[in-house]
Amino acid sequence: MNDVADAKSFFDANPDIEVLEAFVIDANGVPRGKWIPRERALDVLEKGMAMPRSVYALDVWGRDVNAAGLAQGTGDPDGLCFPIPGTLSRISWLNRPTAQVLLGMRDPDGEGFYGDPRQVLANVLKGFAKIGLTPVVATELEFYLIDPLRSALDPVRPPNSREGRWHTGQTQVLSISELQDFEDVFHGIASAARAQGIPADMVVRENGPGQYEINLNHVPDALMAADYAVLLKRIVKGVARANDLDATFMAKPYGMQAGSGMHVHFSLIDQSGRNVYAGEDGPSEMLFHSVGGLLENMAESMAVFAPHANSYRRLRPSEHAPTYASWGFDNRSAAVRVITASKPATRIEHRVAGADVNPYLALAMILNAALSGIKEKRNPGGAITGDEHAINHDPLPTNWDYALRQFARSTFAYATLGPKYRSLYSACKAQELAEFSLRVTDVEYDAYIRTV
């Protein structure tokens, strides 16, 4: 059955659907798109939906980034967007019966548009296909449930529990009762994930007040893994809002509480389905070479792994958020954690990216770094134990400006993303950085307005 026939079957099976949300994912991982009335949906899904190419080069406030070269001076032309197979589904958190579909933009010749982050990852995966390997990938996403009522003096606070108390002074990690307090939210998330075919697995109460983690199962398709991460974020936010809450994937919404990450687990299988990271008596040489590539290219990738001003607040020592390019066996203090619980489950966990990351770009940088390590037979050096980082482990950039400058001249980012996308992304981030430099914070007023 072709995609159009699948879409027709979907709408026949869902006669109450009134509107279709059709969207792409921009450089910041933000969905951008349109509402399409039901009577137009099949036509759009078959013939494509026009969107400005510049939609992929917006800053986090949704403004054109002229320096990216897709808007000003170009006439701001449209590109045609087509559905990603398997992403047409119902959504459950709106009052009106609604469906959604994820789109990807194509050039006139049918090739993926270079500015689409999904296409960036697709290009990286071609390198694995050439050597007969397939990444098997899963993500873990941390987030906070927060009170929807905010003010300048109280911008973020945990949701009230059923006892009517805030838990700002408690962590309650792995608490079952904290999960039960928000049973309706997590039931709604699980139901929406099942309806959309998203393999959501365990839900965990994390370290911060109102902080949780949802794990996604491993799939032998990195593009699909990134799609699942993007769609799960939509589900979490939508279901939270339907329950009179907000959910945030900010890397560090509370200065004194745990940050939120997107941990990436992956292994590689060959054409027979064998996990090539598992050797006869432990991890294979290919796994260690992959780790070497990850460490070698980590600093130049930080502008992707920590894409926002707030991202760098998460990168603090002893908070399970790495500050060095290091690795260790089953060690959550390391940037790269090697897991060897069993042969089939031998894998790498990359622990650097924040939950605020664009999943397509993060996976592109991670997987291409591993591939470069395999090709170059990179030695990762010694594993760390505990929190002790040896002198030969390079510190990671913990300053946004510095990370962006490293990225903008990075040969690895050039090779991974392509020169045009590296420039596009750099321009978006430079515009955001310039905006932050003009904003005077409340801390500065508090510290200086009368004292100096």
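## A buried charged pair

Glu-349 and Arg-337 are both buried. Keep in mind as you look around that this is a predicted model. These two residues are joined by a salt bridge, with their closest N and O atoms 2.6 Å apart. Glu-349 belongs to strand E14 (residues 347-350) and Arg-337 to strand E13 (residues 336-339), so the pair links distant parts of the chain, twelve residues apart.

What lets two side chains pair up like this? Side chains of opposite charge can pair when their charged atoms come close.

## More salt bridges

How many salt bridges are there by this rule? The count comes to 21. One of them pairs Asp-16 with Arg-90, and here the closest N and O atoms are 2.9 Å apart. Asp-16 sits in the loop between helix H1 (3-13) and strand E1 (19-25), while Arg-90 is in strand E5 (residues 89-91), so this pair ties together parts that are 74 residues apart in sequence. Are these two buried or partly exposed? Asp-16 counts as partly exposed at 36% relative accessibility, and Arg-90 is partly exposed too, with a relative accessible area of 28%.

Now find Arg-274 and Asp-270, whose side chains meet in a salt bridge (3.2 Å, N to O). The two partners get different labels: Arg-274 is partly exposed, with a relative accessible area of 47%, whereas Asp-270 counts as buried at 18%. The cut-off behind that label is that buried means under 20% relative accessible area. There's also a network of salt bridges, which links Asp-59, Arg-63, Glu-435 and Arg-439.

## The nonpolar core

Let's leave the charges and head for the largest nonpolar core, which has 126 residues. Which of them touch the most other members? They are Leu-121, Phe-143, Leu-145, Ile-189, Phe-266 and Phe-305. Helix H6 (residues 222-242) supplies the largest share of this core, 13 residues. Domain 1 (3-108) and domain 2 (124-417) each give the core at least three residues. As a general point, nonpolar side chains in soluble globular proteins tend to be buried together.

Take Phe-305 and skip its neighbours within four places in sequence. Phe-305 is then in contact with Met-298, His-350, Val-352, Ala-353, Gly-354, Val-357, Ala-362, Met-365 and Ile-366.

## A nonpolar patch on the surface

Some nonpolar residues turn up on the surface as well: Val-60, Trp-61 and Phe-436 make a nonpolar surface patch of about 270 Å². To find Trp-61, look in the loop between strand E3 (49-52) and strand E4 (78-83). Trp-61 is partly exposed, with a relative accessible area of 37%.

Definitions and conventions. Residues are numbered from 1 along each chain as its sequence is written. This is a predicted model: local features need pLDDT of at least 70, side-chain atom pairs count only at pLDDT 80 or more; totals for chains, interfaces and linings use all residues. Side-chain values use heavy atoms; hydrogens and water are left out. Patches are made of residues with over 30% relative accessible area and no salt bridge: like charges are joined within 9 Å, nonpolar side chains (Val, Leu, Ile, Met, Phe, Trp, Tyr) within 5 Å. Accessible areas come from the Shrake-Rupley method with a 1.4 Å probe; for residues, only the protein chains shown count as cover. A salt bridge is a side-chain nitrogen of Lys or Arg within 4 Å of a carboxyl oxygen of Asp or Glu. Helices (H or I, at least four residues) and strands (E, at least two) are DSSP runs, numbered from the N terminus. Buried means under 20% relative accessible area, exposed over 50%, partly exposed in between (1.4 Å probe, protein chains only). A nonpolar core is a set of buried Ala, Val, Leu, Ile, Met, Phe, Trp, Tyr and Cys residues joined through side-chain atoms within 4.5 Å. Domain bounds come from an automatic or database domain assignment. Contact means heavy atoms within 4.5 Å.
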